[in-house]
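Me: I would like to go through this model step by step. Please keep the answers short and end each on the value or name I ask for.

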Amino acid sequence: MSVIGIDFGNESCYVAVAKAGGIETITNDYSLRGTPSCVAFSPKNRILGVAAKNQMVTNMKNTVFGFKRLLGRKFSDPHVQKELKHFPFKVEQRPDGGIGIRVNYLGEDNLFSPEQITAMLFTKLKDCATTALQTQINDCVISVPSYFTNAERSALLDAAAIAGLNVLRLMNETTATALAYGIYKQDLPAPEDKPRNVVFVDFGHSALQVAACAFNKGKLRVLATSSDPNCGGRDIDMAMAEYFCQDFVTRLKLDARKNQRAFLRLLQEVEKLKKQMSANSTRLPLNIECFMEERDVSSDMQRQQMEQICADTFNRVERTLRGILHNAKLRPEDIHSVEIVGGSTRIPAVKALIEQVFGKQGSTTLNQDEAVSRGCALQCAMLSPAVRVREFSVADAQPYGVRLAWDAARGEDGDMEVFPAFHAAPFSKMLTFYRREPFSVSAYYSDQVPYPDTLIGQWNIKDVQPTAEGESQKVKLKVRVNIHGIITVASASLLEKKQDSAQNENVEMENANENAQAQEAPMETNGSGQEQNGLDNQEVREGGGEGEQHRQSWTQRVGQWFSGDNNDDKKDKSKDKTKKVLVKTIELPIESRTHGFAQHELNTYMEQEGKMQAQDRQEKERADARNALEEYVYELRGKLSEGEVLHDFVAEDQRNKLVNTLDALEQWLYDEGEDQNRQVYSDKLSELKTEGEPIKQRRLEFELRPGALDDFALAIQLTNKAIDLYRSGDAKYCHLSEADIQKVCEACGNALQWLEAARGALAHAPRHVQPPHTTQQIRQERQNFESIVNPILNKPKPKEKTPPPANPTGDGQPEPNQEQMDVE
């Protein structure tokens, strides 16, 4: 089983796989490494990836793109309303307030969510990986922008689940890039030395992300991130397109903004022009044929002009770059290097800004398009037991501060910051509440986030009851930033205490460190919102002095025992007062209201996806059957033409009849046979092959027979040569008897007679009839002949007895000069 990493981009996707030889990027069915993030719909099937983008202009109402930025959002979201201006397809509000994309599929109007569209793209990527690796794909790591919130990350996980992918981790794109950079570096500082600080700039199609990371040997820690979700290469495209639209209105009175197809073509041409400008500072032309109203348009632009038009975008880039220095509390001289990835970092103005802010040129050590997918594949290999990878620790960061609020006892509301901004992740913290009834907690972002609702979710803790004495019970909550960067209340447990009758001292120790790296500082929160912070979160129920006794080290206690200062009297008294406390932990049910689909909705979408996959397979099989029939018609008719390879191997009247059949079949394929079932095409192909295959077989026989006849003649010639050697007294055959040689001579004569007769019959047989002797028959005759003569001619000589050895020397060994020989 292979493990893959998926770089899910707004414009294109890349898939990498971890193999024994390293990391390899997988090509799709068009032999391209990048697969466009496009999904299109037709009356017969879905069109995914490269094929979808190729027909975008002609089928723009049913070609969906840019859906990554719609994940987990509501239709009323201002961000969504802004995005709708870029889409030629129809987007509407669903009954639950979500986003619905309306397309025509199988001749009917269908409404799909962005999560379903994303799942369709993931299905395509999964199929490409399965085809390339010839093995089933299940486990994967998917990249996600570092600025994505809980809602968007949950939506992405739902999309992967619909596609049948098991996501081991949603990995921040900048973190994946850092992993791809650091794991191969051999010159990183030792773990105890000062870390090497590296800044990663990812400027892609729709967003800008920057991360500062600290590297030590075998370790990576994300210090801080800075991002602008609405600043990307497409903003430069839009600014340039607006400029040309205004130019065309002024000069040609053509407004492309009123024609969606024309504006889409303009965007495609502008993107090509932008890429050319990265390598050329001269004035470059823009030409589009049949742009609008059957008129051609042309214009030009220079790099300097483009930089002036897009000055606002570049200012936003500079602010984001300077933001990482502030967030990570670094100075430019503290940074070892700046690594750049993402297609838009190729723009010279962006490179100049990076050098201006950080005081050093951007380094292109990494593949700018594939670095994220390679990092994801590495992470997937680390998390999967099926692959062995070099040990490398990755500590990510939670980009936003998270606060927790609860309905406290006695009507007093509580609120506290659980995770500050850029806190390590994944991470867990234990919170202790004292409650005598069920209660609820809510989590929300304390920082400004690119999402209209700061609420993360609400969790209701059930089955909390007071003690027999009517007192509050101790409830522990585990609040966790999980491996996907999603904040959740992972568990709730009730600690029920009972006193044992046995007299013994006891101190309850509760370890609140739930993180694998043992990094968190647990908190104890009572009903009034007070906090107690401590590494061990200790509680002493009875005999508080014994808590200090237990905190003494073993060395101190042994020293007291030897000195006699062991407070025996106090200990005896405390034993009388202290009773053993038994702690029983009871897991409490949690009812959560967070983002994402309910399980029954996921099941419905998965079933729907399965039906669409079956429809795609059925349509592919139908198209393959039709193409196979069409290909056979063209191939056979071409080879039956005058001077072609099959012309002489069919009779004149049969050839004319067959050609007429092929012409009629071709006409049928483009008429009423355009849209038939797979079985109809298969039946017609089978029927056609009953006439065409015998002709091909006769030609094949004609080409192979001379070689078979020559091989048979050579075998007879070699046998005659062996007979002649026997007659001349050759030592090789002197051990054979006369009867054996007579048998060989008789077989040789019969074979030669059959061969001459076969050659004569074949020479006079027409090519268009079945030959009197097939290649298989000739080879069988040769095998029969060789089975008679070879055992005789290859009969081994009888071995002669070996004479006794020469006189041995005194020590039982032969004399040094004596030559020993085996005589046969």
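Reply: Asparagine 104 stands opposite aspartate 109 in strand 10. The model is a predicted one.

Me: Over how many bridges do strand 9 and strand 10 pair?

Reply: Strand 9 covers residues 99-105, and its pairing with strand 10 is antiparallel. Asparagine 104 and aspartate 109 stand opposite each other in this pair. The count for strand 9 with strand 10 is 5 bridges.

Me: Which strands stand at the edges of that sheet, and why is one side of each left without a neighbour?

Reply: The sheet is open, with 3 antiparallel strands in the order 8-9-10. An edge strand has a single partner strand, so one side of it is left without a neighbour in the sheet. The edges are strand 8 (90-93) and strand 10 (108-112).

Me: What is the average twist from one strand to the next there?

Reply: The strand order is 8-9-10. From one strand to the next, the twist averages 35 degrees.

Me: Which helix packs on this sheet?

Reply: The helix touches strand 9 and strand 10, and its direction makes about 95 degrees with that of strand 10. It spans residues 114-133 and is helix 3.

Me: What angle does helix 3 make with strand 5?

Reply: Strand 5 belongs to an open antiparallel sheet of 3 strands in the order 6-5-7. Helix 3 lies across strand 5, strand 6 and strand 7. Its angle to strand 5 is about 105 degrees.

Me: In the sheet with the order 6-5-7, which residue is the bridge partner of alanine 40?

Reply: Strand 6 (46-48) and strand 7 (63-65) are the edge strands, each with a single partner strand. Neighbouring strands are turned by 20 degrees against each other on average, direction ignored. Strand 5 (residues 38-41) pairs with strand 6 in the antiparallel sense over 3 bridges. The partner of alanine 40 in strand 6 is isoleucine 47.

Me: Is helix 17 roughly parallel or antiparallel to helix 18?

Reply: Helix 17 (residues 678-727) and helix 18 (residues 738-764) have axes 10 Å apart and pack at an angle of about 155 degrees. Angles over 145 degrees count as roughly antiparallel. Helix 17 is therefore, relative to helix 18, roughly antiparallel.

Me: Is the crossing of helix 17 and helix 18 left-handed or right-handed, and how many nonpolar residues does the contact have?

Reply: Helix 17 passes helix 18 in a left-handed crossing. Residues in the contact include Leu709, Phe712 and Ile716 of helix 17 and Val744, Trp754 and Leu755 of helix 18. By class there are 2 polar and 5 charged residues, and the nonpolar ones number 15.

Me: Which residue does a cis peptide bond join to alanine 425?

Reply: Omega of this bond is about -5 degrees. The residue lies in the loop between strand 23 (423-425) and strand 24 (427-435). It is proline 426.

Me: What is phi of glutamate 294?

Reply: Glutamate 294 is in the loop between strand 16 (284-292) and strand 17 (295-301). Its phi is positive, in a residue other than glycine, and is near 60 degrees.

Me: Where is the pLDDT below 50?

Reply: The mean pLDDT of the chain is 86, and 86% of its residues reach 70 or more. Residues 566-577 are below 50, with 7 contacts beyond near neighbours in sequence. Where pLDDT is low, predicted coordinates should not be read in detail. Another stretch under 50, with 8 contacts beyond four places in sequence, is residues 815-824.

Notes:
Residues numbered from 1 in each chain as written. Predicted model: local features only at pLDDT ≥ 70, side-chain atom pairs only at ≥ 80, totals over all residues. Heavy atoms only, no water. Axes fitted to C-alpha atoms, helices over the stretch in contact; angles between N-to-C directions. Helix = DSSP H or I, 4+ residues; strand = E, 2+ residues; numbered from the N terminus. Parallel < 35°, antiparallel > 145°, perpendicular 65-115°, else oblique. Left-handed = near helix turned anticlockwise from the far one by under 90°. Contact = heavy atoms within 4.5 Å. Nonpolar A, V, L, I, M, F, W, Y, C, P; charged D, E, K, R; others polar. Pairing = 2+ DSSP bridges. pLDDT = per-residue confidence, 0-100.
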